[in-house]
Amino acid sequence: MSRHELPQEEGAFLLYLAERSISQGSSSLSKSLAAYQLAHDALTPDTQRFATELIRTRKRKESETRRQPAVASLEEINKVIELAKNADPKTERDVLITLLSWTALLRASEVSELKWTDLVRHKNCLEVHVRRAKNDQEANGRSTFVTYEEGSDLDILLARWKVRAKGSYIFPNHNDGSKLSPSAISSITKRIFESVGIFNKTHHSIRRGAANAMQAQGFSRDQIKAKGRDGGVARYLGDCPEAQGIPKLAIIGTSANKESEEGDVDEGPPVLEKEF
């Protein structure tokens with residue numbers, strides 16, 4: 001403000017902040033507000049309210065233009081799973097990270113913290129205990145339940161990796177047995193996607209994709225939010241007919257209906273396992 005020869009009073013500061021909001025982001029505006037407050041102790045309520053609203057307005061504009069992470073599809077996950085056939089142990093581990101993240105809607109930070117004691121088998125259901133979810137400030141832990149059949153890809157990969165992995169963490173650092181960092185998990189996921197020719201996916205793409213895949217299967221938003229362990233997962237979901245009660249056969253057309261009449265039975269959406 002001194003460089004612009006502006007007086008050091010609140011009205012001039014608000015004009016300065018409004019001018020900066022045209023070209024600067026909300027983070028920069030917040031720093032300017034904090035700097036002014038530090039130099040002038042406190043602001044009047046009206047100035048504080050106006051400055052805060054300027055920053056909120058800028059944030060809303062940023063959210064409208066922010067590029068959303070790509071969404072992984074089931075077809076892409078299946079491509080990754082194919083890599084596990086006749087693969088080396090490292091590739092099998094990377095595929096397991098991807099598949100477990102998909103089935104349990106796991107964040108990279110949650111994968112990093114997983115220990116073998118966090119996996120509990122209940123007949124054809126696997127309980128994945130997340131020690132601390134993103135919104136679990138008191139670290140009480142949450143559980144996600146996934147379908148787990150003997151001989152499935154997940155069953156085979158977990159069994160083989162359990163023989164090879166050393167220590168209590170499911171995905172340890174080979175050097176000292178400590179847990180892999182969330183950034184290491186994210187890098188592994190990005191690399192495994194790129195190995196099958198997919199270059200625009202991140203680890204968070206898996207969580208977003210799994211949520212949308214569940215919705216397409218007919219799960220309710222409440223069920224998806226419960227499996228994702230927080231309400232924030234709802235913002236990942238796009239609208240689709242299946243989630244609004246319109247059967248897929250009614251969308252595809254007459255050829256699909258004809259096949260159904262000839263003997264194909266629509267079994268409906270899968271049933272989400274209840275939490276124990």
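**View 1. The salt bridge between K85 and E82 in the predicted model.** E82 is partly exposed, with a relative accessible area of 44%, and its salt-bridge partner is K85. In this model, which is predicted rather than determined by experiment, the closest N and O atoms of the two residues are 3.2 Å apart. K85 itself is exposed, its relative accessible area being 57%. Side chains of opposite charge can pair when their charged atoms come close.

**View 2. The salt bridge between D94 and R93, and the network around it.** The closest N and O atoms of D94 and R93 are 2.9 Å apart, and the two residues form a salt bridge. Both D94 and R93 are buried, whereas K85, shown in the view before, is exposed. The pair does not stand alone, since K90 and R191 are linked with R93 and D94 in a network of salt bridges. A search of the whole structure brings the number of salt bridges to 15.

**View 3. The salt bridge between E110 and R229.** Here the side chains of E110 and R229 meet, with a distance of 2.7 Å from N to O. E110 belongs to helix α6, while R229 is found in the loop between α10 (221-228) and α11 (248-252), so the salt bridge ties together parts of the chain that are 119 residues apart in sequence. Both ends of this bridge, E110 as well as R229, are buried.

**View 4. The largest nonpolar core and the surroundings of L106.** This core has 44 residues, and those with the most contacts inside it are L106, L126, L154, L158 and F171. At least two core residues come from each of α4 (74-82), α5 (89-104), α6 (108-113), β2 (125-130), α7 (153-164), α8 (182-194) and α9 (203-217), and α5 gives the most, with seven residues. When its neighbours within four places in sequence are left aside, L106 is in contact with L100, S101, V111, L114, V128, V130, H203, R207 and R229; of these, R229 is also the salt-bridge partner of E110. In soluble globular proteins, nonpolar side chains tend to be buried together.

**View 5. The stacked rings of F13 and Y36.** The structure holds one aromatic pair. The ring centres of F13 and Y36 are 4.1 Å apart and the ring planes lie at 15 degrees, so the pair counts as stacked. Because F13 lies in helix α1 (residues 10-20) and Y36 in helix α2 (residues 26-40), the pair ties together parts that are 23 residues apart in sequence. F13 has a relative accessibility of 1% and counts as buried, as does Y36 at 6%. F13 also belongs to another core, of 13 residues, which lies apart from the largest one and has L43, A51 and I55 among its members.

**View 6. K115 over the ring of Y169.** K115 lies over the face of Y169, at 5.1 Å from the ring centre.

**View 7. The chain as a whole.** Twelve helices and three strands make up the secondary structure of the chain. Of its 276 residues, 39% are buried, and the accessible surface comes to about 16200 Å², with 51% of that area belonging to carbon and sulfur atoms. Among contacts between residues at least 6 apart in sequence, 60% join residues at least 24 apart.

Terms used: Residues numbered from 1 in each chain as written. Predicted model: local features only at pLDDT ≥ 70, side-chain atom pairs only at ≥ 80, totals over all residues. Heavy atoms only, no water. Core = buried A, V, L, I, M, F, W, Y, C linked by side-chain atoms within 4.5 Å. Buried < 20%, exposed > 50% of the residue type's maximum accessible area, 1.4 Å probe, protein only. Helix = DSSP H or I, 4+ residues; strand = E, 2+ residues; numbered from the N terminus. Contact = heavy atoms within 4.5 Å. Salt bridge = Lys/Arg side-chain N within 4 Å of Asp/Glu carboxyl O. Phe/Tyr/Trp six-rings, centres within 6.5 Å; stacked < 30°, edge-to-face > 60°. Lys NZ or Arg CZ within 6 Å of the ring centre and 35° of its normal. Areas by Shrake-Rupley, 256 points an atom, 1.4 Å probe, with all protein chains shown as cover.
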